[in-house]
Structures are given as C-alpha cells and as structure tokens.
Amino acid sequence: MPLELAQIANAWPFELSLAAAITAQTVWQGRRRTVLNEALHELRRPLQALALAAPAGGGAAGGDRLGASVQMAAAALERLDREINGAAPASARETLAARSLAEAAVSRWQAGAKAAGGSLELRWCAAAAEICGDACEIAQALDNLIVNAIEHGGPRIELRATLGVGWLRLAVHDSGRGSLSASRGFRPASLTARISGRRRRGHGLRVVRRTATAHGGEFALRTTAAGTEARLDLPLLSGEGPC
C-alpha cells in the first residue's frame, strides 16, 4: 500500500517540503497564466472581427453602439492582459464631452431596459460639461450603473446629469422593485468569497468605484423603498490648461 502524501511530507525536512510546495505553486501559476493568455488570444479574434464589421466613420446608430461596445471589451481585455502578465496599468486621458458619453450609454441600454419591462431616459442639466478622463473607463462605469439598475432596480430608470462647483454628477435613478434580496435573489457575498476573489457577481460597482477614484471623483450608492440612486461624481475639466 503506497504511503499517504502527508506521511511522505512529514518525513521530509522542512526546507525540502517548503521547496517542493513553492515549486508546485510556481508550476501551477505558470500553467494557469498560459491558459489565461490562450483565452485572451482567442477572445481578441472575434473582437477584431466585430470591429471590422462595425460601420466606419460614424455610421448608423446600431453600428456606433457596436463599435463602442467592442472598444470597451478590448479595453477590459487589455487590463486583464496587463494584470496576468505583470505590466504597468495604462490609461488614456483626454478631454471628454460628458453629454456624448451619457447619450451613448443610454442608447446602448435602452433596448435592454425595454426588454426587461422598463424604460431608460437621459435627463441632462449639465450644459456642455467637459471632464478629463479615459473614455472607455467612464463608459464602462456608466454601463455598469445602468445594467445594475436594469437587473436589480427599475422599471423606470433615468441617467441624470447635474453640475456642482467644480464637479459633474452622473446619477442613475430607478423607481425600485422592493427589497433587493427578496425581489432579485440577491445575497451578500461571503467573507471567503470576497477574500478569495471568487465572486461571480457584484463586480460592477467595484469597477465604478475604481474608476471614480482613478479620476479624482467619488462614488455613492443609496437605496430606499422608493428606489436606488447610484452617483458618480467627477471633477470638471479645469480651465488652467489642457487635459
């Protein structure tokens, strides 16, 4: 009868056991990185095909939405690539017309809100506000807020834009569907799931919070019986110089 692995390990000197464990962990991490890089490679190909299929030069609205979604997916893959392979994070900051970003986000998800039995509208009270930021990151944050409202809130959803002194507030309001835990099967993630990073849901608001912090802004979420308000506050572009 072969010896149990624990018996063998107990018979080894501590240093040898530690070296074996480190080697096994290194091999496992290397194999995992290879699998992840292969998956990244395979994901890029259909994205490239979709990008080529999107109308060039600002075509129809459907093509514009497709192109924006492809860009955001490519940006997410790039971030994953850098995380897997240890590269420094990259961010492309530029002067952004905030209204265009908001209108595009609402356009992308109006059909989704309607399919869920609700509605999605834009209420703009922020003049020609400009911000300095990464267009893909801001778009991803808005998408996450809107999708969260469609899936967990609703049915009437509004993206509202207002101005403060030096900042722009982009707030997603929904009319509520009662208790989140009762109506949508939501359960808070366990401590183990949060620490291990194995949660499969609940990442969207973390993305929004990370985007707010990276852009010098703030994120807040407030839920009442009347619905939920998710606020993304971003600093307005300063008149002191270019972005």
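**Exercise 1. How many salt bridges does a search of the whole structure find?**

Solution. The search turns up 7 salt bridges. For this count, a salt bridge is a side-chain nitrogen of Lys or Arg within 4 Å of a carboxyl oxygen of Asp or Glu. Keep in mind that this is a predicted model, where local features need pLDDT of at least 70, side-chain atom pairs count only at pLDDT 80 or more, and totals for chains, interfaces and linings use all residues. Residues are numbered from 1 along each chain as its sequence is written, and side-chain values use heavy atoms, with hydrogens and water left out.

**Exercise 2. Which residues are linked with E158 in a network of salt bridges?**

Solution. Start with the pair E158 and R160: their side chains meet in a salt bridge, at 2.7 Å from N to O. Next, add R123, which is linked with E158 and R160 in a network of salt bridges. Now check accessibility, where buried means under 20% relative accessible area, exposed over 50%, and partly exposed in between (1.4 Å probe, protein chains only). E158 comes out partly exposed at 22%, and R160 is partly exposed too, at 27%.

**Exercise 3. Is E229 buried or partly exposed, and what about its salt-bridge partners R222 and R231?**

Solution. First, the distances: R222 and E229 pair up at 4.0 Å, N to O, while E229 and R231 have their closest N and O atoms 2.9 Å apart. Then the accessibilities: E229 counts as buried, at 12%. R222, at 48%, is partly exposed, and so is R231, at 22%.
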